[in-house]
Amino acid sequence: MIDYKKPTNDKELNDLKWHMSHLENQITGEMTDEQFTLRSDINYIKKMIADYNNELMTRPEDSSFECFGCGS
C-alpha cells in the first residue's frame, strides 16, 4: 500500500479524489493480489476523504444537537 498524505485543503482533497478515481478505473474484478491491493488503497483513500469531510463539520453554537449524522 502506498502511504497517502491526509488532505489539508480542498486542492489536496480533489487530487486525492482524482487518484482514487484513477485506481477505481484499474479494477478488473479479478481475484489477484494486485487487485486486492488496489481495493485496499481505494478504501483507505475513501476513509481519509470521509475523515477530512467530518473534520470540516462543526456544531453551530446555537444548535441543540450533539452531532450531525449520528441520529441525535
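1. Ser 21 belongs to helix H1 of this predicted model. With a relative accessible area of 31%, Ser 21 is partly exposed, since burial requires a value under 20% and exposure one over 50%. Its C-alpha lies 8.5 Å from that of Ile 42, although 21 residues separate Ser 21 and Ile 42 in sequence.

2. Helix H1 spans residues 10–24, 15 residues in total. From its first C-alpha to its last, H1 reaches 21 Å, which is close to the 21 Å expected at 1.5 Å a residue. At the start of H1, a side-chain oxygen of Asn 9 comes to within 3.1 Å of the backbone nitrogen of Lys 11.

3. Which residues of H1 are buried? They are Leu 13, Leu 16, Met 20 and Leu 23. These residues lie on the same side of H1, because they cover an arc of only 80° around the axis. The general background is that an α-helix has 3.6 residues a turn, so residues three or four places apart point the same way. On the other side of H1, Lys 11 and Trp 18 are exposed.

4. The secondary structure of the chain consists of two helices and zero strands. Of the 72 residues in the chain, 21% are buried. Among contacts between residues at least 6 apart in sequence, 46% join residues at least 24 apart.

5. The largest nonpolar core comprises eleven residues: Tyr 4, Leu 13, Leu 16, Met 20, Leu 23, Leu 38, Ile 42, Ile 45, Met 48, Ile 49 and Tyr 52. Two elements, H1 and helix H2 (33–56), each give two or more residues to this core. The most comes from H2, with six residues. In soluble globular proteins, nonpolar side chains tend to be buried together.

6. Ile 49, a residue of helix H2, is buried at a relative accessible area of 9%. Not counting residues up to four places away in sequence, Ile 49 touches Leu 13, Leu 16, Lys 17 and Met 20. The C-alpha atoms of Ile 49 and Leu 13 are separated by 7.0 Å, with their positions 36 residues apart along the chain. Three of these contact partners deserve a second look: Leu 13, Leu 16 and Met 20 are also among the buried residues of H1.

7. Pro 7 lies in the segment before H1. Is Pro 7 buried or exposed? At 3% relative accessibility, Pro 7 counts as buried. When neighbours within four places in sequence are left aside, Pro 7 is in contact with Glu 12, Leu 13, Leu 16, Met 48 and Tyr 52. Pro 7 and Ile 49 are 42 residues apart along the chain, and their C-alpha atoms are separated by 7.7 Å.

8. Met 48, a member of the largest nonpolar core, also has contacts with the N-terminal part of the chain to be noted. Leaving aside neighbours within four places in sequence, Met 48 is in contact with Tyr 4, Lys 5, Lys 6, Pro 7 and Leu 16.

9. How many aromatic pairs does a search of the whole structure find? The search finds one. Tyr 4 and Tyr 44 form this pair, which is tilted, with 6.3 Å centre to centre and 35° between the planes. The pair links distant parts of the chain, 40 residues apart: Tyr 4 is in the segment before H1 and Tyr 44 is in helix H2. The two residues have separate burial classes: Tyr 4 is buried, with a relative accessible area of 10%, whereas Tyr 44 is partly exposed, with a relative accessible area of 32%.

10. Gln 35 is placed in helix H2. This residue is buried, with a relative accessible area of 5%. Apart from neighbours within four places in sequence, Gln 35 is in contact with Gln 26, Ile 27, Thr 28, Gly 29 and Glu 30.

Notes. Residues are numbered from 1 along each chain as its sequence is written. This is a predicted model: local features need pLDDT of at least 70, side-chain atom pairs count only at pLDDT 80 or more; totals for chains, interfaces and linings use all residues. Side-chain values use heavy atoms; hydrogens and water are left out. Helices (H or I, at least four residues) and strands (E, at least two) are DSSP runs, numbered from the N terminus. The expected span of a helix is 1.5 Å times one less than its number of residues. Buried means under 20% relative accessible area, exposed over 50%, partly exposed in between (1.4 Å probe, protein chains only). The arc is that of the directions from the helix axis to the C-beta atoms. A polar contact is a pair of N or O atoms within 3.5 Å; within protein, one must be able to donate a hydrogen and the other to accept it, and residues adjacent in sequence count only if both atoms are side-chain atoms. A nonpolar core is a set of buried Ala, Val, Leu, Ile, Met, Phe, Trp, Tyr and Cys residues joined through side-chain atoms within 4.5 Å. Contact means heavy atoms within 4.5 Å. Rings of Phe, Tyr and Trp (its six-membered ring) pair if their centres lie within 6.5 Å; planes under 30 degrees apart count as stacked, over 60 as edge-to-face and the rest as tilted.
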